Amino acid sequence: MELVTKDFKVGAIYCDVPEDMALKTYLMFIGSDISISYFKYVGGCDCYNSNDDGLCEFDYPTEMYELSNSEIKDLISKDIIKLN
């Protein structure tokens, strides 16, 4: 995982806490405006409220951890992340 605070990639999967912490939430970046980043919940601990569009809103900038392709594939194979 790589710490990211801005310039999130649309469609990329992020985690809300570092690798060594429990109760991770996995989120897909959808977009942002001047002050809010929008993420879609895709797995892990479902602990964030969502807006009327089903998206989690975070202040921008915020800290998230970008997952590598191999980490994403592993979590999908374990049925932790669901992209559909």
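**Strand pairing and nonpolar cores**

Three bridges link β2 to β3, and the two strands pair in the antiparallel sense. The model is predicted, and the description below concerns these strands and the residues packed around them. Within the β2–β3 pair, Met28 in β3 is the bridge partner of Ile13. On to strand β4, which spans residues 36-44, β3 is joined by seven bridges, again in an antiparallel arrangement. Across this second pairing, Phe39 in β4 stands opposite Phe29. Three residues lie between β3 and β4, and the two strands form a hairpin. Of the eight residues in β3, six are buried, leaving the strand mostly covered.

In soluble globular proteins, nonpolar side chains tend to be buried together. In this model, the largest nonpolar core comprises 11 residues, namely Ile13, Cys15, Val17, Tyr26, Met28, Val42, Tyr65, Leu67, Ile72, Leu75 and Ile81. Two or more residues of this core come from each of β2 (13-15), β3 (25-32) and α1 (69-77). A second core, separate from this one, has 10 residues, among them Ala12, Tyr14, Phe58 and Met64.

Ile13 belongs to the largest core and is bridged to Met28 in β3. With residues up to four places away in sequence left out, the contacts of Ile13 are Tyr26, Leu27, Met28, Val42, Tyr65, Glu66, Leu67, Ile72, Ile81 and Leu83. Of these contacts, Tyr26, Met28, Val42, Tyr65, Leu67, Ile72 and Ile81 are also listed in the largest core. Met28 thus appears as a bridge partner of Ile13, as a contact of Ile13 and as a member of the largest core.

Notes: Residues numbered from 1 in each chain as written. Predicted model: local features only at pLDDT ≥ 70, side-chain atom pairs only at ≥ 80, totals over all residues. Heavy atoms only, no water. Core = buried A, V, L, I, M, F, W, Y, C linked by side-chain atoms within 4.5 Å. Buried < 20%, exposed > 50% of the residue type's maximum accessible area, 1.4 Å probe, protein only. Helix = DSSP H or I, 4+ residues; strand = E, 2+ residues; numbered from the N terminus. Contact = heavy atoms within 4.5 Å. Pairing = 2+ DSSP bridges.
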